Amino acid sequence: MTPEQQAALDRANAALAELGQQPQANVGAGVARSVASGLTFGGADEAEAYIRSIFGSREYDDLLNDIRGQVGQFQEQRPGLALGSELAGATLPAIIASLFTGGAGGAVALGSRYPMLSGLAKSAGIVAPRTLAGSAGYGAVQGAATGFLSGEGVEERIRGLATGGAVGAGLGAGLDIAAKALQGTLGNFMDYTRRKLGNKGGSAVEQELQRIAAEAGITPEQAYIEVAEGRLMAENKTLQEAVRGYFDKGGPGAALLSGTARTRPGELRKELVEDVQQYLTDVAPGANFLRDEADRMSDLADAAQDLYNSPSMQRAISENALPIMKDIFQRAPEAFAAVRRELGVGGKELFFELAEDGSVNVLRAPTIQEAEVVRRAINDLKGKYYKSGEGGTAKAYGALEQELRDAIDMISDETQQARATYNTMMDQDRAYKAGEKAFKATPDVDQIELDIDRIAALGDEALRAYRTGIMRKLRIAMTSKRAASITADLANPDTALGQMMQLIFPGEDMSDLAMKLQTQEGADALVKTILLKSPTQSSGQQIARQGAGVGAEDIAEATTTFGMLRLLRKLTARTRPELTDSQREQVVQALLSQDPDYIKSMLRDESGIAVIQNLIQRGSEALYAGGRSGAIYGTTENAPQTAQGVLGMIGPQ
């Protein structure tokens, strides 16, 4: 206690003595300050003085001396309570947080979802560092902070920073070694217990599945949803290294993975294409949608032709309409060369003759069908001049064709119906070709959006024809070597193909398709993981985590120094039961299961042995986290004074 602090305490005691009272420390305030000191690595007194100086009239230094004097008095009168309170403040946060994260498995799951939170937890000592160096580093940081904040004055703080860091590093590393040895012993005991219980409840298979899921951050509920939607646990992106580890290990489990990877993508792709086909084309799975489209077009063409060939089309135009027809015919003599050829080939009597000056003489009233022949010839001339670049002439022929069309339609309802049917056929044909053109590796999404708006205005059948054109190109693409990458692009809303699919699959239909595309993408990814990738360091680590088995070969080789070291390494590294080929096969079967209830039950082990093991695991994690913090705090709190005393003992007398 500094002279200033002692003076503050003496003044308080003198005031109490004048009143005839024995000076006693305030127990409640002393406990609160001690707990706060543990929470803040010894910096609570300064924080209290600073806050009170802001809102009060007393100076910071005066308040600090007063607070430290009261703390010293509490420590003198209640040393056990003071020390216990400080240690509680240092250990409780780590214990509570460790229990909250659910032990090692919970910490892994939490870290996978919230990496920033996980980093803060590790920095604060909530989650134990996973390496010896990490534990030593954490101990050094906490020890240095405690030594610095517990010191009074610059020199003492510097000594506390140095000695606290050194002491904390040593304690952190030592406690890490001891904790891992304890956890290994507990793990071997639980393995023995499981084997004695005949693999009931918390079996090695269930424990392995729960480990895999926990490390990937997959909850039983998430796994249930994924499997219910058609995906397999083995196809989850975060589990690929674990799955590869089981494949590299060989045995029946590897054969199951290989067989699934070879057959499932093709089966899923076939179902996907059929589902897309049914939506886009209204054609049931298994049917030929191209033949269906051709039949639709043929039916429209036949309907239009039947109307053009109906008996009513063979009657002559009325005398009232004949002058209008003659005027139009006289203005398009060029068209009558084609009219003469068509009627002549059909063996029909001509209703006109061409004069030497090129004009047209109408010999008789033409039939409605013959007037239609003239209209088509004029329309063909319009197209001819547009192609040759004579837009003015083409425009004039277009106006003449429209004039003749209106005149014919006023005479015959059948021509209107036939023309509407023919136009419907042509609209659908153009829409189909536009759909074929739209689908490519990088489609023009803006143009597709315009096409859909324009074609939708023509009717549902035209829009269906457009989608049928897209479907034809999509079907070809899904049977090519690029099928997997195309599926990935279709499933990604940020790619041009993904945006195209969102345009042609609006609303709930797109949601359903997105789920199926995601399933297909997962199956394709499994192919790459199992069949196309070489073993990696990560997959090797996953194999090691499946269980360090000890066989007869290891025991036989234990007669050599190297063999003995390897045997000891395997025995000491073993914190979970060895998985046999049969057990690995069961794990793989679960990873490939399509039963969501089964998966959920495997990942949510509520059997007695599993509950006990989980409690032991949580308890050991919590005791380790809290004990480490408390030990480092308690040892390094007085590091400056300890260092000064040691230096005085070994220095010159």
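A residue counts as buried when its relative accessible area is under 20%, as exposed when that area is over 50%, and as partly exposed in between. The exercises below apply this and a few other cut-offs to a predicted model.

**Exercise 1. Classify Tyr-385 and Tyr-397 by accessibility, and then describe the geometry of their rings.**

Step 1. Tyr-385 has a relative accessibility of 12% and therefore counts as buried, while Tyr-397, with a relative accessible area of 11%, is buried as well.

Step 2. Ring planes under 30 degrees apart count as stacked, and those over 60 degrees as edge-to-face. The ring centres of Tyr-385 and Tyr-397 are 5.7 Å apart and their planes stand at 5 degrees, so this pair is stacked.

Step 3. Because Tyr-385 belongs to helix H17 (residues 368–387) and Tyr-397 to helix H18 (residues 391–411), the pair ties together parts that are twelve residues apart in sequence.

Step 4. A charged neighbour completes the description: Lys-384 lies over the face of Tyr-385, at 5.4 Å from the ring centre. Elsewhere, Lys-600 lies over the face of Tyr-224, at 5.2 Å from the ring centre.

**Exercise 2. Determine how the rings of Phe-336 and Phe-352 are arranged, and where the two residues lie.**

Step 1. The structure holds seven aromatic pairs. In the pair of Phe-336 and Phe-352, the ring centres are 4.8 Å apart and the planes are at 70 degrees, so the arrangement is edge-to-face.

Step 2. Phe-336 is in helix H16 (residues 336–345) and Phe-352 is in strand E1 (residues 352–354), so that this pair links distant parts of the chain, 16 residues apart.

Step 3. Both Phe-336 and Phe-352 are buried, and together with Phe-329 and Phe-351 they form one aromatic cluster.

**Exercise 3. Compare the expected and the modelled span of helix H19 and of helix H21, and state what covers their buried residues.**

Step 1. The expected span is 1.5 Å times one less than the number of residues in the helix. For the 26 residues of H19 (residues 413–438) this gives 38 Å, which agrees with the 37 Å between the end C-alpha atoms.

Step 2. The 18 residues of H21 should span 26 Å, and the end C-alpha atoms of H21 are 26 Å apart, which agrees.

Step 3. The buried residues of H19 include Thr-415, Arg-419, Met-425, Tyr-432 and Glu-436, and what covers the buried residues of H19 includes helix H14 (289–308), H17, H18, helix H20 (445–456) and helix H21 (460–477).

Step 4. In H21, the buried residues include Leu-463, Arg-464, Tyr-466, Ile-470 and Met-471, with H13, H14, H19, H20, helix H22 (483–491) and helix H23 (496–504) among the elements that cover the buried residues of H21.

Step 5. A residue of H20 adds a distance to this picture: Arg-454 is found in that helix and counts as partly exposed at 47% relative accessibility. Arg-454 and Ala-431 are 23 residues apart in sequence, and their C-alpha atoms are 9.7 Å apart in space.

**Exercise 4. Decide how helices H13 and H28 are oriented towards each other, and identify residues that meet between them.**

Step 1. Helix H13 (residues 252–281) and helix H28 (residues 581–591) pack with their axes 7 Å apart, at an angle of about 25 degrees.

Step 2. Angles under 35 degrees count as roughly parallel, and H13 and H28 are therefore roughly parallel to each other.

Step 3. On the H13 side, Pro-252, Gly-253, Leu-256 and Leu-257 meet Asp-581, Glu-585, Val-588 and Gln-589 of H28.

Step 4. Gln-589 counts as partly exposed at 41% relative accessibility. Gln-589 and Ala-234 are 355 residues apart in sequence, yet 9.6 Å apart from C-alpha to C-alpha.

**Exercise 5. Describe the backbone and the accessibility of Asp-282.**

Step 1. Most residues other than glycine have a negative phi.

Step 2. Asp-282 is not a glycine, although its phi is positive, at about 65 degrees. Asp-282 is located in the loop between H13 and H14.

Step 3. The relative accessible area of Asp-282 is 57%, so this residue is exposed.

**Exercise 6. Place these details within the chain as a whole.**

Step 1. The chain has 31 helices and two strands, and of its 653 residues, 43% count as buried.

Step 2. Among contacts in the chain with a separation of 6 or more, residues 24 or more positions apart account for 74%.

Note on methods: Residues numbered from 1 in each chain as written. Predicted model: local features only at pLDDT ≥ 70, side-chain atom pairs only at ≥ 80, totals over all residues. Heavy atoms only, no water. Phe/Tyr/Trp six-rings, centres within 6.5 Å; stacked < 30°, edge-to-face > 60°. Helix = DSSP H or I, 4+ residues; strand = E, 2+ residues; numbered from the N terminus. Buried < 20%, exposed > 50% of the residue type's maximum accessible area, 1.4 Å probe, protein only. Lys NZ or Arg CZ within 6 Å of the ring centre and 35° of its normal. Contact = heavy atoms within 4.5 Å. Axes fitted to C-alpha atoms, helices over the stretch in contact; angles between N-to-C directions. Parallel < 35°, antiparallel > 145°, perpendicular 65-115°, else oblique.
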